[in-house]
Amino acid sequence: MNLLELCKTCKSFDEQHGFPVAFDQENQKFNQITKDLVGLFGEVGEFSNIVKKINLKIEKGDNYELNMLEAKEHLKEELSDSLIYIIRLANILDIDLEKECLNKIDRNRVRYEKLKK
């Protein structure tokens, strides 16, 4: 599945589960964007907290209790949750995320050419 298909799948899921994806007025759209941004920041915060705990485990070793395998599983979940919010925002704004990401990568190739190894 490519990114475009994933975006369509997420949109279909949202529609089937009553999450708004189409709006009559701009203020409704941006109200939902605000809610989804809060959700995204929450997921990124959860991801960050797990990374913090992994670093503590690395620094303190056996003195810091953390199951690294569970932590890595939680990282997968939080990162996936974050991507779902990003896709939801793109769907609300009618942005072709796949196309825009590829365009941005092309611009970054030029921008970071001097760093190429």
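I'll go through helix α1 and then the residue N91, which touches that helix in this predicted model.

Start with α1, residues 3-16. The helix has 14 residues and runs 20 Å from its first C-alpha to its last, close to the 20 Å expected at 1.5 Å a residue. At the N-terminal end there is a cap from N2, with a side-chain oxygen 3.1 Å from the backbone nitrogen of L4. After α1 comes G18, with a positive phi near 80 degrees.

Now the sides of the helix. Which residues of α1 are buried? They are C7, C10 and D14. Looking down the axis, the buried residues of α1 sit within an arc of 65 degrees, so they line one face of the helix. The general background is that an α-helix has 3.6 residues a turn, so residues three or four places apart point the same way. On the face turned away from the buried side, α1 carries the exposed residues K8 and Q16.

What covers the buried residues of α1? The cover includes α3 and α4, the latter being residues 97-111.

From α3, I'll pick out one residue. N91 belongs to this helix, which spans residues 68-92. Is N91 buried or exposed? It is buried, because its relative accessible area is 13%, and the cut-off for buried is under 20%. Beyond its neighbours within four places in sequence, N91 is in contact with C7, C10 and K11. Of these, C7 and C10 are among the buried residues of α1. With C7 there is also a polar pairing: a polar atom of the N91 side chain lies 3.1 Å from the backbone oxygen of C7.

Technical notes: Residues numbered from 1 in each chain as written. Predicted model: local features only at pLDDT ≥ 70, side-chain atom pairs only at ≥ 80, totals over all residues. Heavy atoms only, no water. Helix = DSSP H or I, 4+ residues; strand = E, 2+ residues; numbered from the N terminus. Buried < 20%, exposed > 50% of the residue type's maximum accessible area, 1.4 Å probe, protein only. Polar contact = N/O pair within 3.5 Å; in protein donor to acceptor, adjacent residues only side chain to side chain. Contact = heavy atoms within 4.5 Å. Expected span 1.5 Å × (residues − 1). Arc of directions from axis to C-beta.
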